Amino acid sequence: MPNNPRPRSSRPFMIVPVLVATLAIILASSSTARGLFSRVRSETFNKFTAAFNNAPKANLTTTTSPLQAATANVTSKMGRPPVYFFSHGGPDVQYNTKHPVYPILQSIGKEIIQKVKPKAVVVFSAHWQSDTPSEIQLNNSGGPTDLIYDFYGFPDHFYKATFPTTGSPQLAAKIQQLLTKADIRSKGVKRGLDHGVFSGFNVAFPPNTDRAITVPLVQVSLFKSEDPDAHYRLGQAVEELRDEGVVIICTGMTVHNLRDMQFTWGDPRPLPYAVSFDNALKEAVEGDVEGRQERMREAAKRKDARQAHPWMDHLMPIYVAAGAAGKDKGVQTWTLHEGCFAWAQYRFGDVPEE
């Protein structure tokens, strides 16, 4: 039994929907987590969500980067799309309209569709690691892309979620050419979108609205590793796609510790590492571009990094994003410290002028 990072709260029991949701972010090998999550029933989930939505939010730590005000209206006459990092949350994020991240994802999606106006979308998700640490996989199928319901124990309607997108063999082939040029092995496969993509994207890009994604979308895997430099180089390899109007979106969480949910269950107050590591990552990303890769590498070595990410699958996507940013500066546009999670959102580069 791991040590309790703080005494159990004596406050009335209330659940943070992201805590329930993030329990669903389970790798197939995690039999303990699956066993725990299988005990969650629809009735309990609904009670927990209602309790959270009616509870005071004073203990939720939400911050806006000091740079956000200075960059909120920054536009660029260049048409090169920025790179985005989404903290995507769990499968319930698309249903919990009262969670603080909901309007944030909505605004980011509006920015991308109405201002960036991408010609295609390439996405990297924490929920797709390749089979090996030396090869990347990517969906190279055309036509409608299926969904993968990679979570357990949620209400039935969660497994009926939809998010219509169309793949592009041509774009996938271009990505493979760039990876080969960077000496990165790759393999095309047929695969659906996992909830690291479709849950948050349903909020940012709701289908059948003026914010829907109507351009081709290709998902690319991470390496099966915790190597920050390998993922930074992966991002660098695909940076050139931005010159063709492709927006690159990477999804994960800036703090993601399922193990400590047993201590934070019902209590949204952030654990110390949720604040300290999220802040350290922000400093690493927002500093001068020349030293960014080194600072981010060192951030992953911090003691609180392993507390924040017992396995770093949810952290690696931001390294891909930073690599794909090239010489563009990164900005944390919003964050939320909640229990054993942090929800920072990042943009690398300026928003093109409308």
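Before I speak of bridge partners, let me say that two strands are taken to pair if DSSP finds at least two bridges between them. What you have in front of you is a predicted model, and I will go through it strand by strand before turning to the core, a pair of helices and a few individual residues.

With that definition in hand, consider strand β13, residues 341-342, which runs antiparallel to β12 and is joined to it by 2 bridges, with A342 of β13 as the bridge partner of H337. The hairpin that these two strands form has 2 residues between them, and in it G339 adopts a positive phi near 60°. β12 also pairs with β14, residues 345-348, again in the antiparallel sense, this time over 4 bridges, and here Q332 is found opposite Y346 of β14. As for its surroundings, β12 covers residues 330-338, and because 9 of its 9 residues are buried, the strand is largely enclosed by the rest of the structure.

Let me move to β10, residues 246-252, where 7 of the 7 residues are buried, so that this strand too is largely enclosed by the rest of the structure. In a regular strand, side chains alternate between the two faces of the sheet. In β10, V246, I248, C250 and G252 point one way while V247, I249 and T251 point the other way, and all of them are buried. Which strands, then, run parallel to β10? One is β3, residues 83-87, which pairs with β10 in the parallel sense over 5 bridges, with Y84 opposite I249; another is β4, which is joined to β10 by 6 bridges and also runs parallel to it, with F124 standing opposite C250.

F124 brings me to the core. The largest nonpolar core has 92 residues, and those with the most contacts inside it are F86, F124, I175, F201, F205 and I318; helix α5, residues 101-116, gives the most to this core, with 8 residues. In soluble globular proteins, nonpolar side chains tend to be buried together. To take F201 as an example, and leaving aside its neighbours within four places in sequence, its contacts are F86, V123, F163, P206, I213, L217, I249 and T251, and of these I249 and T251 belong to the β10 face that also carries V247.

Next, the helix pair. Helix α8, residues 228-238, packs against helix α13, residues 316-324, at an angle of about 40°, with the axes 6 Å apart, which makes α8 oblique to α13. The crossing of α8 past α13 is right-handed. On the α8 side the residues involved are P228, H231, Y232, L234, G235, Q236 and V238, and they meet M316, Y319, V320, A322, G323 and A324 of α13.

Finally, some individual residues deserve a look. K117, in the loop between α5 and β4, has a positive phi of about 50° although it is not a glycine, and it counts as exposed because its relative accessibility is 52%, the cut-off for that class being over 50%. D183, placed in the loop between α6 and β8, likewise is not a glycine and has a positive phi, of about 60°; its relative accessible area is 72%, so D183 is exposed. Is E353, in the segment after β15, buried, exposed or partly exposed? At 45% relative accessibility, E353 counts as partly exposed. The C-alpha atom of E353 is separated by 7.0 Å from that of K115, although the two residues are 238 residues apart along the chain.

Technical notes:
Residues numbered from 1 in each chain as written. Predicted model: local features only at pLDDT ≥ 70, side-chain atom pairs only at ≥ 80, totals over all residues. Heavy atoms only, no water. Buried < 20%, exposed > 50% of the residue type's maximum accessible area, 1.4 Å probe, protein only. Core = buried A, V, L, I, M, F, W, Y, C linked by side-chain atoms within 4.5 Å. Contact = heavy atoms within 4.5 Å. Axes fitted to C-alpha atoms, helices over the stretch in contact; angles between N-to-C directions. Parallel < 35°, antiparallel > 145°, perpendicular 65-115°, else oblique. Left-handed = near helix turned anticlockwise from the far one by under 90°.
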